[in-house]
Every structure is written in structure tokens, then in C-alpha cells.
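These are my notes from a session with one structure, written down in the order in which I looked things up. I wanted to see how the rings, the sheets and the unusual backbone spots fit together.

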Amino acid sequence: MQFTQIRNATITIDFGGKKFLIDPMLSAKGAFPGFPGTVNSEQANPTVELPIPVSDIIAVDAVILTHAHPDHWDDAAKRLLPKDMPLLVQHEQDAQEVRAAGFIDVRVLQAVTEFAGITLLKTAGTHGSGKVLEDFGALLGEVCGIVFRHPQEQTLYLAGDTVWNQQVADAIQTHHPDVVILNSGDARIAGYEPIIMGKDDVLAVYQAAPAAVIIASHMEAVNHATLTRTALREFAEVHGMMDRLRIPQDGESYRF
């Protein structure tokens with residue numbers, strides 16, 4: 001397999017002979033406002049440019065949306081992706097939104113979905129915890145993760161926009177992934193707990209999956225992401241995590 005960090009949660013995964021684009025946010029730097037009520041909301045999104053041309057990014061076999069928030073599925077993606085591109089989404093609500101943008105091959109992920117000989121297993125996650133879910137649960141909405149399996153590949157677990165919790169622990173225990181991708185930017189609504197993983201969550205996954213390589217994604221590209229790559233690297237060095245933790249720059253790839 002090959003993992004490529006594009007920007008934010010937008011990545012590509014070459015797996016089992018197919019190439020997937022995950023959570024495409026394809027807008028130019030500063031194309032839309034910061035998210036109201038989040039930290040640094042005065043800063044426009046995305047906060048950095050794409051590292052490679054859009055034409056290269058969208059040259060894939062399918063797109064997977066873990067959920068339809070605008071930093072995972074923006075107007076530029078709706079405009080630039082081919083309308084006959086297969087799009088796999090977490091549930092019918094997201095499918096309706098994608099179809100409304102003109103896409104004709106929209107598929108709702110089941111617990112187990114087959115795509116061109118690749119098995120995709122939908123996993124659960126929670127976009128925050130505690131008080132932030134009590135106050136903003138409807139806004140944060142549902143999210144999912146995906147486990148990728150193929151006879152000729154190692155097992156890959158994409159956790160999605162979730163914090164560390166029992167759902168993530170169960171996915172690791174059930175699927176024994178060799179590679180785990182975490183959305184690790186410690187994004188925050190102002191005054192509340194994180195809505196995606198931060199450094200302590202990454203440490204928890206590192207400890208829960210002692211044989212897996214951990215990849216930290218969803219960093220330094222949207223206004224409310226508070227954890228930098230440098231800060232995560234410094235934390236990881238103190239806790240002895242750099243043997244299995246990868247913190248890619250935008251445009252960087254890894255092969256497994």
C-alpha cells in the first residue's frame with residue numbers, strides 16, 4: 001500500500017491495486033471563512049495551499065467520505081471531481097447530500113463492503129466527548145472510520161474524525177491493523193474539549209496497537225486545529241513513540 005498526505009484529512013491510499021481519495025478538501029488557500037465558534041475562527045480556510053495539482057489528486061478509482069463536513073467535502077471537491085466517480089459514504093443522509101451535488105455513483109458503506117476485491121469494514125467513532133457533545137452533538141454529527149483488507153496487503157485502519165474512546169479501542173482489538181491513520185490536529189470549539197485526537201489520544205493508540213505504524217494526519221490546515229507537527233513530534237520523542245509514529249508533511253508518501 002501507499003499512503004500520501006495531501007492536506008488536512010485529505011489523503012490518497014493505493015491499496016490492493018486501486019487508488020482511493022479520502023475526504024477531499026480541494027479549495028485554494030483561504031477560500032472560505034474560519035468555522036464560527038471555533039478557536040482562531042478569524043483565520044480563513046484552508047490555511048495552506050494544496051501541495052500537488054488537483055488533476056493529480058483526483059486521478060483515483062474512488063472517493064471515500066468519512067463524513068460531509070466542509071473540511072472533508074468542500075465546494076471545490078463537488079465542482080472538480082468527475083460526476084461519475086464512485087463515492088462511498090457513511091450513511092444515506094450523506095449520500096443524499098452527495099447526490100444533490102450531481103454525483104451519480106454514490107454508494108452507502110455497509111458494515112462490510114466489497115470494492116474491486118478490497119474489503120472495506122466500517123468502524124464507529126465519536127466527533128468529540130463530554131460537554132462538547134452535549135452542546136454541539138447535532139452539529140458535529142456522525143462520523144465513521146474504515147478498515148481496509150486485501151489478501152496481498154497489510155491491514156489498514158483509518159480512524160476518521162474521532163477522539164480516543166472505546167470504539168477506537170474495539171476496532172484495534174478486533175481488526176489488529178498494521179497501519180493506523182489518525183486525525184490528530186486537536187481541533188477545538190472555543191472553550192471545549194477536542195473534537196478530534198490530540199497528542200494524548202495518539203499516545204493511547206500507540207499503546208493499544210503495539211505492532212502498528214501510526215500516521216498522524218489532519219494537521220496544520222484548518223483554523224481550529226491546535227496541535228502542530230512540531231509539538232506532536234516533541235511529545236512523541238519524550239514518550240518514545242518515534243519508532244512507530246509517522247508525522248507526514250503535506251505531499252509526503254509512505255509505502256508499506
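**Aromatic pairs.** I searched the whole structure, which is a predicted model, and the search returned 8 aromatic pairs. One of these joins Phe3 and Tyr254, a stacked pair with 6.0 Å from centre to centre and 10° between the planes. I then checked where the two rings sit along the chain: Phe3 belongs to strand S1 (residues 2–7) and Tyr254 to strand S14 (residues 253–255), so the pair links parts of the chain that are 251 residues apart. Are these two residues buried or exposed? With 20% relative accessible area as the limit for buried, Phe3 is buried because its value is 2%, and Tyr254 is buried as well because its value is 14%. I also noted an aromatic cluster made up of Phe15, Phe20, Phe115 and Phe148.

**Charges over rings.** I looked next for charged side chains placed over aromatic rings, and I wrote down two cases. The charged end of Lys83 sits over the ring of Phe103, at 4.8 Å from the ring centre, while Arg244 lies over the face of Tyr206, at 3.8 Å from the centre of that ring.

**The sheet that holds S1 and S14.** I traced an open sheet of 7 strands with mixed pairing, in the order S6-S5-S4-S3-S2-S1-S14. Strand S6 (106–108) and S14 are at the edges, and because each has a single partner strand, one side of each is left without a neighbour in the sheet. Neighbouring strands here are turned by 20° against each other on average, with direction ignored. As an example of the pairing I took strand S4 (residues 62–64) and strand S5 (residues 87–89), which run in the parallel sense and share 2 bridges; Val63 has Leu87 in S5 as its bridge partner.

**Helix H3 on that sheet.** Which strands does helix H3 touch? I found that H3 (residues 92–100) packs on the sheet and touches S5 and S6, with its direction at about 175° to that of S6. The buried residues of H3 are Asp94, Ala95 and Val98. Viewed down the helix axis, these buried residues fall within an arc of 105°, so they line one face of H3. The covering of the buried residues includes S5 and S6, whereas the face turned away from the buried side carries the exposed residues Gln93 and Ala100. After H3 comes Gly102, which has a positive phi near 100°.

**The second sheet.** I followed another open sheet of 7 strands, again with mixed pairing, whose order is S7-S8-S9-S10-S11-S12-S13. Its edge strands are strand S7 (112–115) and S13, each of which pairs on one side only. Within this sheet, strand S8 (residues 118–124) and strand S9 (residues 144–149) pair in the antiparallel sense over 6 bridges, and Leu121 stands opposite Val147 in S9. Helix H5 packs on the sheet, where it touches S8, S9 and strand S10 (156–158), and its direction makes about 150° with that of S8.

**Backbone spots to check.** I reminded myself that most residues other than glycine have a negative phi, and that most peptide bonds are trans. Where does the backbone depart from this in the loop between strand S3 (18–22) and helix H1 (54–57)? The peptide bond from Asn45 to Pro46 is cis, with omega near -15°, and Pro46 is found in that loop. Asn40 lies in the loop between S3 and H1 too, and its phi is positive, near 55°; Asn40 counts as partly exposed because its relative accessibility is 36%. His176 also has a positive phi, near 50°, and is located in the loop between H5 (166–175) and strand S11 (179–183). With a relative accessible area of 59%, His176 is exposed.

**A last residue.** I finished with Gly240, which is placed in the loop between helix H7 (229–238) and strand S13 (245–246) and counts as partly exposed at 43% relative accessibility. From Gly240 to Asp178 I noted 19 Å in space, C-alpha to C-alpha, and a separation of 62 residues in sequence.

Technical notes:
Residues numbered from 1 in each chain as written. Predicted model: local features only at pLDDT ≥ 70, side-chain atom pairs only at ≥ 80, totals over all residues. Heavy atoms only, no water. Phe/Tyr/Trp six-rings, centres within 6.5 Å; stacked < 30°, edge-to-face > 60°. Helix = DSSP H or I, 4+ residues; strand = E, 2+ residues; numbered from the N terminus. Buried < 20%, exposed > 50% of the residue type's maximum accessible area, 1.4 Å probe, protein only. Lys NZ or Arg CZ within 6 Å of the ring centre and 35° of its normal. Pairing = 2+ DSSP bridges. Axes fitted to C-alpha atoms, helices over the stretch in contact; angles between N-to-C directions. Contact = heavy atoms within 4.5 Å. Arc of directions from axis to C-beta.
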